[in-house]
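Here are my notes on this one, set down as numbered points. Have a look at the structure first, then read on.

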Amino acid sequence: MGAYASNFKDDSGVIVAEFSDPTKGDWVTAHAEATGMAVVEVERLWQRFQQLGCNEQGVLPIEVFQQKSPLFEDVFARNILRSFKEQDEIHFQTFLNALNWCEDTETEAKVRGVFHLINNGSPINKDLMFRVLKRVYPDDSDQAVQRTTDVFMSQVDDKNQGSIDEDQFMKWVLKMPKESIEAVTQFHIIPPEINEEAHKAFVSGSPGGESLEGRSARVRPSARTGATASGAIPVDGILMALTDRAYTRDWHLLANKLGFLRADVQQFEKQYPRDTKKQVSLMLKTWRDQEGQNATTGVLAQALRGSNMADLVPLLSP
């Protein structure tokens, strides 16, 4: 994909793998900051990346993907992988950048990207177009596909050069109804209806329309769904037991679910710069002290589930 693939790996910014790995608590949140994506999007894609077979360093070797996915048998899938792999492996951050590109890039750029995937950016001749259409219409006879190919080439190749270049391809595609093109090229990491619900919940949790910048120096109230949380306020022993298990996980995400901002997390880290366990302990105690009667085990359990730590919820029982 040439120029399009160059957007997948952004060397001008922070490379998360240089200072973190999947065992660190900041793996998800650091990728969210580096790519400009929402934490929930990175969480979702991290689960998908693990399903693809990434290793303990958060890297997906191409040979592993070859063994696990039948998609690799498809020439177009191979071209997609080839367009943003590096040294026969795909890093999680590159994976994020690629899917972020698929979601945010304008339709015309996506269409040009499709052209580059078909033949690595080179003109498409009749033989290649036949193979493409044969994949699109696998149940049709070779004769029927050949007739379709001939008609397609005669209509699109207005230069009579025996092949279709990028400009001709774009001219043909952009004659189609805009809604038809967008229906094919549209891609959402998070389904729109889920994003809308999350946005409403976030806005409803922002008191008086106060800006994030205005709240960055203090702990903000927990984001709640509107349901009244039940349960007792967790005692020190429960928080200590939770700290012992949570400090090796993505505790930044847990802090976010409890209502802390990035600036708050940085303050916890600054107070105990080389002791993650004490950072987590301070975060949990600060949350309990700040929230008062609202700092219940029910709220904490909800935050744990939202941070992929549902297995720690039983620790909240006295």
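The points below go from the overall picture to the cores, one helix pair, the cysteines and a few backbone angles.

1. Overall picture. Keep in mind throughout that this is a predicted model. The protein chain comes to 17 helices and 4 strands. Of its 318 residues, 39% are buried. If you take contacts between residues at least 6 apart in sequence, 66% of them join residues at least 24 apart.

2. The largest nonpolar core. This one has 25 residues, and those with the most contacts inside it are L254, L258, M283, L284, L300 and L304. Five helices give two or more residues to it: α13 (236–246), α14 (251–257), α15 (262–271), α16 (276–291) and α17 (297–306). The most comes from α17, which gives 5 residues. In general, nonpolar side chains tend to be buried together in soluble globular proteins.

3. L300 as a way in. If you want one residue to click on in that core, try L300, which is among those with the most contacts inside it. Setting aside neighbours within four places in sequence, L300 touches P234, L239, L242, L258, L284, W287 and L316. Apart from the largest core, there is a second, separate one of 20 residues, which includes V42, W46, L60 and L99.

4. L45. Which helix holds L45? The answer is α2, residues 39–52. L45 counts as buried because its relative accessibility is 6%, under the 20% cut-off. Leaving out neighbours within four places in sequence, its contacts are M37, F92, F95, L96, L99 and I189. L99 is also one of the residues of the second core. As for V28, 17 residues away from L45 along the chain, the two C-alpha atoms are 9.8 Å apart.

5. The α6/α10 pair. Helix α6 (residues 107–119) packs against helix α10 (residues 178–185) at an angle of about 65 degrees, and their axes are 10 Å apart. The crossing is left-handed. On the α6 side the contact is made by T107, K110 and V111, and on the α10 side by I181, E182 and T185. By type, the residues of this contact divide into 2 nonpolar, 2 polar and 2 charged.

6. More on α6. The buried residues here are K110, V111, G113, F115, H116, L117 and I118. K110 and V111 from that list also take part in the contact with α10. Just after the helix comes N120, with a positive phi near 55 degrees.

7. Cysteines. How many disulfides does the structure hold? There are 0. For two cysteines worth a look, C54 counts as buried because its relative accessibility is 16%, while C102 is partly exposed, with a relative accessible area of 26%.

8. Positive phi. Most residues other than glycine have a negative phi, so a couple of asparagines deserve a glance. N160 is not a glycine, yet has a positive phi of about 55 degrees. N160 sits in the loop between α8 (142–156) and β4 (163–164). With a relative accessible area of 69%, N160 is exposed. N308, again not a glycine, has a positive phi of about 60 degrees. You will find N308 in the segment after α17, and at 42% relative accessibility it counts as partly exposed.

Terms used
Residues numbered from 1 in each chain as written. Predicted model: local features only at pLDDT ≥ 70, side-chain atom pairs only at ≥ 80, totals over all residues. Heavy atoms only, no water. Axes fitted to C-alpha atoms, helices over the stretch in contact; angles between N-to-C directions. Left-handed = near helix turned anticlockwise from the far one by under 90°. Contact = heavy atoms within 4.5 Å. Nonpolar A, V, L, I, M, F, W, Y, C, P; charged D, E, K, R; others polar. Buried < 20%, exposed > 50% of the residue type's maximum accessible area, 1.4 Å probe, protein only. Disulfide = S-S within 2.5 Å. Core = buried A, V, L, I, M, F, W, Y, C linked by side-chain atoms within 4.5 Å.
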